[in-house]
Number of protein chains: 2
Amino acid sequence: MAKRKRVLKWQRDPEGMRLRILEAAKQEFAAHGIGGARVDRIAQKAGANKRMLYYHVGNKEDLYLAVLEGAYEKIRAEERELDLEHLDPPQAIERLIDFTWNYFIRNPEFLALLNTENLAQAKHLKRSTRVKLMHSPFVEMIRDVVQRGVKSGDFRVAVDPVQLYISIAALGFFYLSNSATLSVIFGRDLLGKEAKDERLQHMVGLVLAALTGEAMPSFERGREFPEKVQPPERRTA
Amino acid sequence: MAKRKRVLKWQRDPEGMRLRILEAAKQEFAAHGIGGARVDRIAQKAGANKRMLYYHVGNKEDLYLAVLEGAYEKIRAEERELDLEHLDPPQAIERLIDFTWNYFIRNPEFLALLNTENLAQAKHLKRSTRVKLMHSPFVEMIRDVVQRGVKSGDFRVAVDPVQLYISIAALGFFYLSNSATLSVIFGRDLLGKEAKDERLQHMVGLVLAALTGEAMPSFERGREFPEKVQPPERRTA
DNA sequence: CGACAAATTAACCCGATGGATAAATACTGT
DNA sequence: ACAGTATTTATCCATCGGGTTAATTTGTCG
(Lines give C-alpha, C1' and ligand atoms only; values in the text may rest on other atoms or scores of the structure.)
Protein backbone atom coordinates (compact mmCIF):
# COMPACT_ATOMS: atom_id res chain seq x y z
CA MET A 1 0.00 0.00 0.00
CA ALA A 2 2.14 2.85 1.30
CA LYS A 3 5.53 3.45 -0.21
CA ARG A 4 8.43 1.60 1.39
CA LYS A 5 10.81 3.86 3.23
CA ARG A 6 14.14 2.70 1.93
CA VAL A 7 14.80 4.33 -1.42
CA LEU A 8 17.35 2.29 -3.24
CA LYS A 9 17.62 2.14 -6.97
CA TRP A 10 13.94 1.53 -7.37
CA GLN A 11 10.93 0.40 -5.43
CA ARG A 12 8.40 -2.20 -6.28
CA ASP A 13 4.96 -0.89 -7.02
CA PRO A 14 3.30 -2.91 -9.69
CA GLU A 15 -0.22 -1.59 -9.22
CA GLY A 16 0.97 1.97 -9.06
CA MET A 17 3.14 1.43 -12.06
CA ARG A 18 0.30 -0.02 -14.03
CA LEU A 19 -1.87 2.96 -13.18
CA ARG A 20 0.83 5.43 -14.10
CA ILE A 21 1.33 3.66 -17.38
CA LEU A 22 -2.34 3.74 -18.24
CA GLU A 23 -2.62 7.37 -17.25
CA ALA A 24 0.37 8.29 -19.37
CA ALA A 25 -0.98 6.27 -22.25
CA LYS A 26 -4.32 8.00 -21.95
CA GLN A 27 -2.64 11.39 -22.21
CA GLU A 28 -0.53 10.30 -25.12
CA PHE A 29 -3.29 8.69 -27.14
CA ALA A 30 -5.61 11.57 -26.43
CA ALA A 31 -3.02 14.07 -27.51
CA HIS A 32 -1.73 12.36 -30.63
CA GLY A 33 -4.15 9.69 -31.74
CA ILE A 34 -3.17 6.10 -32.30
CA GLY A 35 -0.76 6.66 -35.12
CA GLY A 36 0.81 9.71 -33.55
CA ALA A 37 1.28 8.17 -30.12
CA ARG A 38 4.83 7.22 -29.24
CA VAL A 39 5.48 4.28 -27.00
CA ASP A 40 8.69 5.77 -25.70
CA ARG A 41 6.92 8.94 -24.70
CA ILE A 42 4.38 6.95 -22.77
CA ALA A 43 7.14 5.18 -20.89
CA GLN A 44 8.84 8.44 -20.15
CA LYS A 45 5.68 10.15 -18.91
CA ALA A 46 4.93 7.18 -16.71
CA GLY A 47 8.39 7.43 -15.24
CA ALA A 48 9.00 3.93 -16.41
CA ASN A 49 11.05 1.93 -18.77
CA LYS A 50 9.57 0.96 -22.07
CA ARG A 51 9.79 -2.68 -21.12
CA MET A 52 7.28 -2.01 -18.35
CA LEU A 53 4.55 -1.25 -20.82
CA TYR A 54 4.85 -4.68 -22.32
CA TYR A 55 5.25 -6.32 -18.95
CA HIS A 56 2.22 -4.72 -17.36
CA VAL A 57 -0.14 -4.20 -20.24
CA GLY A 58 0.99 -5.31 -23.64
CA ASN A 59 1.88 -3.82 -26.98
CA LYS A 60 0.75 -0.50 -28.32
CA GLU A 61 -2.66 -1.73 -29.36
CA ASP A 62 -3.32 -3.51 -26.09
CA LEU A 63 -2.35 -0.31 -24.38
CA TYR A 64 -4.77 1.69 -26.44
CA LEU A 65 -7.60 -0.71 -25.84
CA ALA A 66 -6.96 -0.75 -22.09
CA VAL A 67 -7.12 3.04 -22.07
CA LEU A 68 -10.30 3.09 -24.08
CA GLU A 69 -12.00 0.56 -21.88
CA GLY A 70 -10.93 2.43 -18.80
CA ALA A 71 -12.37 5.63 -20.17
CA TYR A 72 -15.73 4.04 -20.86
CA GLU A 73 -15.80 2.40 -17.47
CA LYS A 74 -15.18 5.69 -15.79
CA ILE A 75 -17.97 7.59 -17.47
CA ARG A 76 -20.44 4.76 -17.13
CA ALA A 77 -19.61 4.54 -13.43
CA GLU A 78 -20.26 8.23 -12.91
CA GLU A 79 -23.43 8.03 -14.94
CA ARG A 80 -24.76 5.35 -12.67
CA GLU A 81 -24.37 7.57 -9.62
CA LEU A 82 -26.69 10.10 -11.10
CA ASP A 83 -30.18 8.73 -10.83
CA LEU A 84 -32.69 10.94 -12.39
CA GLU A 85 -35.70 8.95 -11.32
CA HIS A 86 -36.45 11.17 -8.38
CA LEU A 87 -36.36 14.50 -10.11
CA ASP A 88 -39.27 15.94 -11.95
CA PRO A 89 -38.81 15.62 -15.68
CA PRO A 90 -37.55 19.07 -16.65
CA GLN A 91 -35.12 19.08 -13.77
CA ALA A 92 -33.97 15.61 -14.70
CA ILE A 93 -33.19 16.71 -18.24
CA GLU A 94 -31.42 19.78 -17.04
CA ARG A 95 -29.34 17.73 -14.67
CA LEU A 96 -28.49 15.28 -17.40
CA ILE A 97 -27.32 18.06 -19.68
CA ASP A 98 -25.38 19.63 -16.88
CA PHE A 99 -23.71 16.39 -15.94
CA THR A 100 -22.78 15.45 -19.48
CA TRP A 101 -21.41 18.87 -20.20
CA ASN A 102 -19.33 18.99 -17.07
CA TYR A 103 -18.10 15.49 -17.51
CA PHE A 104 -16.79 16.44 -20.93
CA ILE A 105 -15.14 19.52 -19.49
CA ARG A 106 -13.53 17.59 -16.69
CA ASN A 107 -12.33 14.84 -19.04
CA PRO A 108 -11.09 16.33 -22.25
CA GLU A 109 -9.09 13.19 -23.02
CA PHE A 110 -12.34 11.29 -23.20
CA LEU A 111 -13.47 13.44 -26.10
CA ALA A 112 -10.20 12.97 -27.90
CA LEU A 113 -10.27 9.23 -27.36
CA LEU A 114 -13.76 8.95 -28.75
CA ASN A 115 -12.76 10.87 -31.81
CA THR A 116 -9.73 8.69 -32.25
CA GLU A 117 -11.77 5.55 -31.93
CA ASN A 118 -14.27 6.79 -34.45
CA LEU A 119 -11.48 7.60 -36.84
CA ALA A 120 -10.60 3.92 -36.52
CA GLN A 121 -14.23 3.11 -37.22
CA ALA A 122 -14.65 1.69 -33.73
CA LYS A 123 -12.72 -1.38 -34.68
CA HIS A 124 -11.26 -1.78 -31.21
CA LEU A 125 -14.54 -1.12 -29.50
CA LYS A 126 -16.20 -3.74 -31.61
CA ARG A 127 -13.72 -6.31 -30.42
CA SER A 128 -13.87 -5.30 -26.78
CA THR A 129 -16.31 -7.52 -24.93
CA ARG A 130 -15.93 -5.42 -21.81
CA VAL A 131 -17.21 -2.23 -23.35
CA LYS A 132 -20.06 -3.88 -25.13
CA LEU A 133 -21.50 -4.95 -21.81
CA MET A 134 -21.48 -1.41 -20.47
CA HIS A 135 -24.41 0.17 -22.23
CA SER A 136 -25.21 3.60 -20.98
CA PRO A 137 -27.84 3.53 -18.28
CA PHE A 138 -29.13 6.79 -19.63
CA VAL A 139 -31.27 5.48 -22.41
CA GLU A 140 -33.70 3.71 -20.15
CA MET A 141 -33.52 6.56 -17.70
CA ILE A 142 -34.39 9.03 -20.40
CA ARG A 143 -37.19 6.91 -21.71
CA ASP A 144 -38.65 6.91 -18.24
CA VAL A 145 -38.16 10.64 -17.74
CA VAL A 146 -39.79 11.42 -21.06
CA GLN A 147 -42.75 9.22 -20.35
CA ARG A 148 -43.22 10.77 -16.95
CA GLY A 149 -42.87 14.20 -18.50
CA VAL A 150 -45.52 13.51 -21.09
CA LYS A 151 -47.87 12.09 -18.51
CA SER A 152 -47.40 15.00 -16.14
CA GLY A 153 -47.87 17.52 -18.90
CA ASP A 154 -44.39 18.94 -18.55
CA PHE A 155 -43.40 17.69 -21.98
CA ARG A 156 -45.37 18.08 -25.15
CA VAL A 157 -43.74 15.25 -27.00
CA ALA A 158 -42.52 11.72 -26.51
CA VAL A 159 -39.18 11.89 -28.24
CA ASP A 160 -37.06 8.89 -28.98
CA PRO A 161 -34.70 8.65 -25.99
CA VAL A 162 -31.78 7.61 -28.15
CA GLN A 163 -32.19 10.66 -30.36
CA LEU A 164 -32.50 12.86 -27.33
CA TYR A 165 -29.44 11.38 -25.67
CA ILE A 166 -27.39 11.77 -28.80
CA SER A 167 -28.56 15.35 -29.15
CA ILE A 168 -27.66 16.22 -25.61
CA ALA A 169 -24.24 14.67 -25.95
CA ALA A 170 -23.81 16.29 -29.35
CA LEU A 171 -24.48 19.83 -28.20
CA GLY A 172 -21.74 19.70 -25.64
CA PHE A 173 -19.35 17.33 -27.33
CA PHE A 174 -19.07 19.18 -30.58
CA TYR A 175 -18.64 22.52 -28.91
CA LEU A 176 -15.80 21.30 -26.72
CA SER A 177 -14.18 18.88 -29.08
CA ASN A 178 -14.10 21.41 -31.87
CA SER A 179 -13.46 24.47 -29.79
CA ALA A 180 -10.00 24.90 -31.27
CA THR A 181 -11.14 25.27 -34.86
CA LEU A 182 -14.34 27.06 -33.95
CA SER A 183 -12.42 29.62 -31.95
CA VAL A 184 -10.23 30.38 -34.93
CA ILE A 185 -13.15 30.67 -37.29
CA PHE A 186 -15.34 32.80 -35.08
CA GLY A 187 -12.43 34.71 -33.60
CA ARG A 188 -13.94 34.28 -30.20
CA ASP A 189 -12.71 32.43 -27.15
CA LEU A 190 -15.11 29.61 -26.48
CA LEU A 191 -13.41 28.18 -23.43
CA GLY A 192 -13.51 31.07 -21.00
CA LYS A 193 -15.71 30.63 -17.96
CA GLU A 194 -18.23 33.10 -19.23
CA ALA A 195 -18.47 31.47 -22.64
CA LYS A 196 -18.93 28.05 -21.11
CA ASP A 197 -21.69 29.24 -18.83
CA GLU A 198 -23.39 30.81 -21.79
CA ARG A 199 -23.14 27.60 -23.73
CA LEU A 200 -24.63 25.52 -20.95
CA GLN A 201 -27.48 27.94 -20.68
CA HIS A 202 -28.06 27.79 -24.40
CA MET A 203 -28.11 24.01 -24.47
CA VAL A 204 -30.47 23.67 -21.55
CA GLY A 205 -32.69 26.34 -23.00
CA LEU A 206 -32.77 24.74 -26.41
CA VAL A 207 -33.62 21.26 -25.26
CA LEU A 208 -36.09 22.24 -22.60
CA ALA A 209 -37.79 24.70 -24.87
CA ALA A 210 -38.30 21.99 -27.44
CA LEU A 211 -39.61 19.55 -24.88
CA THR A 212 -41.73 21.77 -22.68
CA GLY A 213 -42.68 24.60 -24.96
CA GLU A 214 -41.37 27.17 -22.50
CA ALA A 215 -39.40 29.89 -24.22
CA MET A 216 -35.64 29.65 -23.90
CA PRO A 217 -33.65 32.52 -22.44
CA SER A 218 -33.01 35.03 -25.13
CA PHE A 219 -29.89 37.12 -25.42
CA GLU A 220 -27.03 37.75 -27.67
CA ARG A 221 -23.42 37.99 -26.69
CA GLY A 222 -22.28 41.49 -26.06
CA ARG A 223 -25.69 42.96 -25.62
CA GLU A 224 -26.52 41.40 -22.29
CA PHE A 225 -30.10 40.41 -21.83
CA PRO A 226 -31.84 42.94 -24.01
CA GLU A 227 -34.92 44.13 -22.24
CA LYS A 228 -37.08 41.06 -22.33
CA VAL A 229 -38.22 40.46 -25.87
CA GLN A 230 -41.88 41.08 -25.64
CA PRO A 231 -43.85 38.30 -27.26
CA PRO A 232 -45.17 39.62 -30.54
CA GLU A 233 -48.63 38.44 -31.50
CA ARG A 234 -48.34 34.92 -32.90
CA ARG A 235 -48.37 34.80 -36.62
CA THR A 236 -51.45 33.08 -37.97
CA ALA A 237 -50.07 29.84 -39.40
CA MET B 1 -5.52 20.16 -71.95
CA ALA B 2 -6.80 16.88 -73.36
CA LYS B 3 -4.75 13.76 -72.85
CA ARG B 4 -2.12 13.10 -75.48
CA LYS B 5 -2.75 10.07 -77.63
CA ARG B 6 0.67 8.46 -77.62
CA VAL B 7 0.98 6.35 -74.47
CA LEU B 8 4.60 5.86 -73.65
CA LYS B 9 5.95 5.26 -70.20
CA TRP B 10 4.08 8.20 -68.77
CA GLN B 11 2.38 11.41 -69.75
CA ARG B 12 2.89 14.87 -68.44
CA ASP B 13 -0.01 16.27 -66.51
CA PRO B 14 1.13 18.54 -63.73
CA GLU B 15 -2.25 20.01 -62.83
CA GLY B 16 -3.96 16.64 -62.91
CA MET B 17 -1.17 15.12 -60.90
CA ARG B 18 -1.48 17.80 -58.29
CA LEU B 19 -5.19 17.21 -57.99
CA ARG B 20 -4.78 13.47 -57.72
CA ILE B 21 -2.20 13.95 -55.03
CA LEU B 22 -4.41 16.25 -53.02
CA GLU B 23 -7.37 13.93 -53.38
CA ALA B 24 -5.32 10.95 -52.28
CA ALA B 25 -3.91 12.92 -49.39
CA LYS B 26 -7.40 13.93 -48.32
CA GLN B 27 -8.47 10.31 -48.21
CA GLU B 28 -5.38 9.27 -46.34
CA PHE B 29 -5.44 12.03 -43.74
CA ALA B 30 -9.13 11.58 -43.23
CA ALA B 31 -8.77 7.87 -42.76
CA HIS B 32 -5.72 7.80 -40.53
CA GLY B 33 -5.13 11.23 -39.04
CA ILE B 34 -1.88 13.10 -39.32
CA GLY B 35 0.28 10.68 -37.43
CA GLY B 36 -1.28 7.64 -38.99
CA ALA B 37 -1.11 8.90 -42.55
CA ARG B 38 1.59 7.35 -44.71
CA VAL B 39 3.27 9.35 -47.39
CA ASP B 40 3.95 6.26 -49.47
CA ARG B 41 0.30 5.32 -49.40
CA ILE B 42 -0.65 8.75 -50.63
CA ALA B 43 1.75 8.44 -53.51
CA GLN B 44 0.42 5.02 -54.36
CA LYS B 45 -3.22 6.11 -54.25
CA ALA B 46 -2.38 9.08 -56.43
CA GLY B 47 -0.71 6.78 -58.91
CA ALA B 48 2.45 8.76 -58.44
CA ASN B 49 5.95 8.51 -57.25
CA LYS B 50 6.63 9.66 -53.72
CA ARG B 51 8.90 12.33 -55.02
CA MET B 52 5.94 13.94 -56.77
CA LEU B 53 4.37 14.91 -53.49
CA TYR B 54 7.36 17.00 -52.61
CA TYR B 55 7.66 18.32 -56.12
CA HIS B 56 4.07 19.51 -56.43
CA VAL B 57 3.03 20.30 -52.90
CA GLY B 58 5.63 19.91 -50.22
CA ASN B 59 6.33 17.78 -47.21
CA LYS B 60 3.78 15.90 -45.18
CA GLU B 61 2.68 18.91 -43.22
CA ASP B 62 2.34 21.12 -46.26
CA LEU B 63 0.29 18.38 -47.81
CA TYR B 64 -1.97 18.24 -44.81
CA LEU B 65 -2.44 21.97 -44.72
CA ALA B 66 -3.26 22.10 -48.42
CA VAL B 67 -5.88 19.43 -47.90
CA LEU B 68 -7.35 21.23 -44.93
CA GLU B 69 -7.52 24.54 -46.73
CA GLY B 70 -9.12 22.88 -49.71
CA ALA B 71 -11.74 21.33 -47.51
CA TYR B 72 -12.66 24.63 -45.95
CA GLU B 73 -12.76 26.35 -49.27
CA LYS B 74 -15.15 23.77 -50.61
CA ILE B 75 -17.69 24.00 -47.82
CA ARG B 76 -17.53 27.78 -47.67
CA ALA B 77 -18.13 27.91 -51.41
CA GLU B 78 -21.20 25.73 -51.16
CA GLU B 79 -22.45 27.70 -48.21
CA ARG B 80 -22.31 30.86 -50.21
CA GLU B 81 -24.60 29.41 -52.87
CA LEU B 82 -27.31 28.93 -50.34
CA ASP B 83 -28.77 32.28 -49.55
CA LEU B 84 -31.37 32.13 -46.91
CA GLU B 85 -32.38 35.74 -47.13
CA HIS B 86 -35.37 35.03 -49.28
CA LEU B 87 -36.95 32.28 -47.27
CA ASP B 88 -39.21 32.91 -44.37
CA PRO B 89 -37.39 32.33 -41.11
CA PRO B 90 -38.54 28.84 -40.15
CA GLN B 91 -37.93 27.60 -43.67
CA ALA B 92 -34.53 29.22 -43.70
CA ILE B 93 -33.55 27.42 -40.52
CA GLU B 94 -34.85 24.14 -41.83
CA ARG B 95 -32.93 24.60 -45.03
CA LEU B 96 -29.77 25.42 -43.13
CA ILE B 97 -30.09 22.30 -41.04
CA ASP B 98 -30.82 20.23 -44.09
CA PHE B 99 -27.89 21.61 -46.01
CA THR B 100 -25.42 21.18 -43.17
CA TRP B 101 -26.57 17.65 -42.52
CA ASN B 102 -26.36 16.62 -46.12
CA TYR B 103 -23.05 18.30 -46.63
CA PHE B 104 -21.64 16.24 -43.79
CA ILE B 105 -23.12 13.10 -45.25
CA ARG B 106 -21.72 13.82 -48.68
CA ASN B 107 -18.29 14.72 -47.32
CA PRO B 108 -17.35 12.34 -44.55
CA GLU B 109 -13.68 13.20 -44.96
CA PHE B 110 -14.48 16.73 -43.94
CA LEU B 111 -15.67 15.52 -40.56
CA ALA B 112 -12.58 13.42 -40.07
CA LEU B 113 -10.31 16.27 -41.07
CA LEU B 114 -11.94 18.61 -38.62
CA ASN B 115 -11.51 16.10 -35.84
CA THR B 116 -7.92 15.61 -36.79
CA GLU B 117 -7.27 19.32 -36.81
CA ASN B 118 -8.89 19.73 -33.43
CA LEU B 119 -6.77 16.94 -32.06
CA ALA B 120 -3.85 19.07 -33.16
CA GLN B 121 -5.47 22.01 -31.39
CA ALA B 122 -5.98 23.81 -34.66
CA LYS B 123 -2.33 24.63 -34.87
CA HIS B 124 -2.28 24.45 -38.65
CA LEU B 125 -5.49 26.39 -39.03
CA LYS B 126 -4.09 29.13 -36.83
CA ARG B 127 -1.15 29.50 -39.16
CA SER B 128 -3.18 29.40 -42.34
CA THR B 129 -3.92 32.88 -43.53
CA ARG B 130 -6.14 31.55 -46.28
CA VAL B 131 -8.60 29.86 -43.98
CA LYS B 132 -8.74 32.74 -41.55
CA LEU B 133 -10.13 34.93 -44.27
CA MET B 134 -12.94 32.52 -45.04
CA HIS B 135 -15.29 33.05 -42.13
CA SER B 136 -18.56 31.28 -42.55
CA PRO B 137 -21.16 33.46 -44.17
CA PHE B 138 -23.72 31.75 -42.02
CA VAL B 139 -23.30 33.78 -38.88
CA GLU B 140 -24.52 37.01 -40.39
CA MET B 141 -27.13 35.13 -42.35
CA ILE B 142 -28.43 33.54 -39.20
CA ARG B 143 -28.42 36.77 -37.29
CA ASP B 144 -30.57 38.20 -40.01
CA VAL B 145 -32.92 35.24 -40.11
CA VAL B 146 -33.35 35.30 -36.37
CA GLN B 147 -34.08 38.98 -36.31
CA ARG B 148 -36.61 38.64 -39.08
CA GLY B 149 -38.15 35.70 -37.28
CA VAL B 150 -38.50 37.60 -34.05
CA LYS B 151 -39.98 40.56 -35.81
CA SER B 152 -42.46 38.46 -37.75
CA GLY B 153 -43.50 36.55 -34.68
CA ASP B 154 -42.28 33.23 -36.02
CA PHE B 155 -39.61 33.00 -33.35
CA ARG B 156 -40.07 33.61 -29.70
CA VAL B 157 -36.46 34.33 -28.95
CA ALA B 158 -33.45 36.16 -30.33
CA VAL B 159 -30.78 33.54 -29.84
CA ASP B 160 -27.12 34.20 -30.33
CA PRO B 161 -26.46 33.21 -33.95
CA VAL B 162 -23.11 31.71 -33.11
CA GLN B 163 -24.64 29.46 -30.50
CA LEU B 164 -27.36 28.47 -32.89
CA TYR B 165 -24.94 27.75 -35.69
CA ILE B 166 -22.77 25.64 -33.44
CA SER B 167 -25.80 23.76 -32.21
CA ILE B 168 -27.02 23.01 -35.69
CA ALA B 169 -23.63 21.81 -36.76
CA ALA B 170 -23.25 19.85 -33.54
CA LEU B 171 -26.46 17.89 -33.87
CA GLY B 172 -25.44 16.49 -37.21
CA PHE B 173 -21.69 16.40 -36.82
CA PHE B 174 -21.61 14.41 -33.64
CA TYR B 175 -24.15 11.91 -34.87
CA LEU B 176 -22.22 11.21 -38.05
CA SER B 177 -18.72 11.57 -36.77
CA ASN B 178 -19.38 9.28 -33.85
CA SER B 179 -21.73 6.90 -35.58
CA ALA B 180 -19.21 4.07 -35.35
CA THR B 181 -18.98 4.06 -31.57
CA LEU B 182 -22.60 5.02 -31.05
CA SER B 183 -23.74 2.14 -33.22
CA VAL B 184 -21.77 -0.29 -31.10
CA ILE B 185 -23.07 1.12 -27.87
CA PHE B 186 -26.70 1.34 -28.86
CA GLY B 187 -26.59 -1.79 -30.95
CA ARG B 188 -28.45 0.02 -33.66
CA ASP B 189 -27.48 0.96 -37.17
CA LEU B 190 -27.41 4.72 -37.37
CA LEU B 191 -26.39 5.05 -40.98
CA GLY B 192 -29.24 3.36 -42.78
CA LYS B 193 -31.43 5.57 -44.91
CA GLU B 194 -34.30 5.27 -42.51
CA ALA B 195 -32.20 6.15 -39.50
CA LYS B 196 -30.74 9.16 -41.24
CA ASP B 197 -34.16 10.46 -42.23
CA GLU B 198 -35.29 10.04 -38.68
CA ARG B 199 -32.30 11.95 -37.42
CA LEU B 200 -32.86 14.84 -39.76
CA GLN B 201 -36.45 15.03 -38.69
CA HIS B 202 -35.45 14.99 -35.06
CA MET B 203 -32.93 17.79 -35.51
CA VAL B 204 -35.25 20.02 -37.43
CA GLY B 205 -38.01 19.36 -34.94
CA LEU B 206 -35.80 20.10 -31.98
CA VAL B 207 -34.43 23.38 -33.24
CA LEU B 208 -37.63 24.71 -34.72
CA ALA B 209 -39.62 23.72 -31.67
CA ALA B 210 -37.23 25.67 -29.50
CA LEU B 211 -37.36 28.69 -31.74
CA THR B 212 -40.99 28.81 -32.72
CA GLY B 213 -42.72 27.08 -29.87
CA GLU B 214 -44.44 24.70 -32.24
CA ALA B 215 -44.36 21.14 -30.94
CA MET B 216 -41.85 18.86 -32.61
CA PRO B 217 -42.98 15.65 -34.26
CA SER B 218 -43.32 13.03 -31.62
CA PHE B 219 -42.58 9.41 -32.15
CA GLU B 220 -40.38 6.69 -30.91
CA ARG B 221 -38.55 4.23 -33.06
CA GLY B 222 -40.52 1.08 -33.57
CA ARG B 223 -43.83 2.49 -32.52
CA GLU B 224 -44.53 4.73 -35.47
CA PHE B 225 -46.35 7.92 -34.75
CA PRO B 226 -48.46 7.03 -31.76
CA GLU B 227 -51.87 8.58 -32.14
CA LYS B 228 -51.14 12.26 -31.74
CA VAL B 229 -50.23 12.99 -28.16
CA GLN B 230 -53.08 15.15 -27.03
CA PRO B 231 -51.88 18.17 -25.14
CA PRO B 232 -52.55 17.55 -21.46
CA GLU B 233 -53.41 20.57 -19.34
CA ARG B 234 -50.26 22.53 -18.58
CA ARG B 235 -48.86 21.88 -15.17
CA THR B 236 -49.08 24.94 -12.95
CA ALA B 237 -45.47 25.91 -12.42
C1' DC C 1 15.78 18.13 -85.72
C1' DG C 2 17.99 19.36 -81.39
C1' DA C 3 18.69 21.27 -77.02
C1' DC C 4 16.68 22.87 -72.81
C1' DA C 5 13.45 22.95 -69.12
C1' DA C 6 9.68 20.65 -66.92
C1' DA C 7 7.90 16.46 -65.15
C1' DT C 8 8.58 11.97 -63.51
C1' DT C 9 10.99 7.78 -61.96
C1' DA C 10 14.25 4.99 -59.41
C1' DA C 11 17.29 4.33 -55.75
C1' DC C 12 18.88 5.39 -51.48
C1' DC C 13 19.73 7.56 -46.78
C1' DC C 14 19.19 7.59 -41.98
C1' DG C 15 16.96 8.56 -37.83
C1' DA C 16 12.93 6.99 -35.35
C1' DT C 17 10.11 3.44 -33.66
C1' DG C 18 7.86 -0.67 -32.19
C1' DG C 19 9.11 -4.62 -30.39
C1' DA C 20 12.09 -8.20 -28.10
C1' DT C 21 15.90 -10.17 -25.08
C1' DA C 22 19.06 -10.67 -21.48
C1' DA C 23 20.85 -9.17 -17.35
C1' DA C 24 20.37 -6.90 -12.87
C1' DT C 25 17.92 -5.80 -8.67
C1' DA C 26 14.36 -5.91 -5.00
C1' DC C 27 10.99 -8.34 -2.45
C1' DT C 28 8.58 -12.58 -0.28
C1' DG C 29 7.98 -16.59 2.13
C1' DT C 30 10.15 -20.02 4.58
C1' DA D 1 19.55 -15.88 5.50
C1' DC D 2 18.47 -17.79 1.14
C1' DA D 3 16.09 -19.29 -2.83
C1' DG D 4 13.11 -18.11 -6.06
C1' DT D 5 10.18 -14.98 -8.26
C1' DA D 6 8.51 -10.38 -9.45
C1' DT D 7 9.93 -6.21 -11.18
C1' DT D 8 13.03 -3.05 -13.48
C1' DT D 9 17.06 -1.58 -16.32
C1' DA D 10 20.08 -1.67 -20.29
C1' DT D 11 20.64 -2.83 -24.98
C1' DC D 12 19.70 -4.56 -29.39
C1' DC D 13 17.56 -5.01 -33.96
C1' DA D 14 14.81 -5.09 -38.07
C1' DT D 15 11.65 -2.27 -40.19
C1' DC D 16 9.37 1.68 -41.34
C1' DG D 17 8.88 6.15 -43.02
C1' DG D 18 9.86 10.83 -44.27
C1' DG D 19 12.76 13.07 -47.06
C1' DT D 20 16.56 13.66 -50.65
C1' DT D 21 19.62 12.97 -54.70
C1' DA D 22 20.52 11.71 -59.19
C1' DA D 23 19.25 9.84 -63.35
C1' DT D 24 15.52 9.48 -67.04
C1' DT D 25 11.89 10.78 -69.95
C1' DT D 26 8.80 14.08 -72.22
C1' DG D 27 7.23 18.10 -74.24
C1' DT D 28 8.32 22.48 -76.59
C1' DC D 29 10.27 26.11 -79.01
C1' DG D 30 13.54 27.85 -82.16
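**Strand D**

I started at Tyr55(A): an N or O atom of its side chain sits 3.0 Å from a phosphate oxygen of DNA strand D. That is a polar contact as I use the term, a pair of N or O atoms within 3.5 Å; within protein, one must be able to donate a hydrogen and the other to accept it, and residues adjacent in sequence count only if both atoms are side-chain atoms.

Before going on, a note on the source: this is a predicted model, where local features need pLDDT of at least 70, side-chain atom pairs count only at pLDDT 80 or more, and totals for chains, interfaces and linings use all residues. Residues are numbered from 1 along each chain as its sequence is written, chains are lettered from A and ligands numbered from 1 in the order in which they are written, and side-chain values use heavy atoms, with hydrogens and water left out.

Back to strand D, now with backbone atoms. Ala37(B) has a backbone N or O atom 3.1 Å from a phosphate oxygen of this strand. For Lys60(B), a polar backbone atom is 3.0 Å from a phosphate oxygen of DNA strand D.

Next I pulled the neighbours, where near means that a heavy atom of the residue lies within 4 Å of the molecule or strand. DNA strand D has 25 residues around it, and Arg12(A), Arg12(B), Arg38(B), Lys50(B) and Tyr54(B) come nearest. Of the strand D atoms that come within 4 Å of the protein, 59% are sugar and phosphate.

Which elements supply at least two residues each to the surface near DNA strand D? I found α1 (14–36) and α3 (50–56) of chain A, plus α2 (39–45) and α3 (50–56) of chain B. α3(A) gives the most, with four residues. Helices here are DSSP runs of H or I with at least four residues, strands are runs of E with at least two, and both are numbered from the N terminus.

**Strand C**

I ran the search again on the other strand. DNA strand C is surrounded by 26 residues, the closest being Arg12(A), Arg38(A), Lys50(A), Arg12(B) and His56(B). Sugar or phosphate makes up 58% of the strand C atoms within 4 Å of the protein, and the rest belong to bases.

I wanted base contacts here, and there are some to report. The side chain of Lys50(A) puts an N or O atom 2.6 Å from a base oxygen of DNA strand C. Asn49(B) has a side-chain N or O atom 3.3 Å from a base nitrogen of DNA strand C. On the phosphate side, a polar side-chain atom of Tyr55(B) lies 3.1 Å from a phosphate oxygen of DNA strand C.

Two or more residues of the surface near DNA strand C come from each of α2 (39–45) and α3 of chain A and α1 and α3 of chain B. The largest share, four residues, is from α3(B).

**How the copies relate**

I superposed the chains by least squares on the C-alpha atoms of residues with pLDDT of at least 70 in both. Chain B goes onto chain A with an RMSD of 0.1 Å by a turn of 180° and a shift of 0.0 Å along the axis. The copies are thus related as by a two-fold rotation axis.

Then the interface: 99% of the interface residues of chain B are also interface residues in chain A, so the copies meet through the same surface.

**Chain A overall**

I counted 12 helices and zero strands in chain A. Of its 237 residues, 52% are buried (under 20% relative accessible area; exposed is over 50%, partly exposed in between, with a 1.4 Å probe and protein chains only). I also checked contacts, meaning heavy atoms within 4.5 Å. Among those in chain A with a separation of 6 or more, residues 24 or more positions apart account for 65%.

**Rings**

I paired rings of Phe, Tyr and Trp (its six-membered ring) with centres within 6.5 Å, calling planes under 30 degrees apart stacked, over 60 edge-to-face and the rest tilted. This gives 21 aromatic pairs over all chains. I looked at one: Phe29(B) and Tyr64(B) have ring centres 5.3 Å apart and planes at 75°, so they are edge-to-face. Phe29(B) is in helix α1 (residues 14–36) of chain B and Tyr64(B) in helix α4 (residues 60–81) of chain B, so the pair ties together parts 35 residues apart in sequence. Are these two buried or exposed? Phe29(B) counts as buried at 0% relative accessibility, and Tyr64(B) counts as buried at 1%.

**Arg148(B)**

My last stop was Arg148(B), in helix α9 (residues 138–152) of chain B. At 25% relative accessibility, Arg148(B) counts as partly exposed. Not counting residues up to four places away in sequence, Arg148(B) touches Leu84(B), Glu85(B), Leu87(B), Asp88(B) and Pro89(B).
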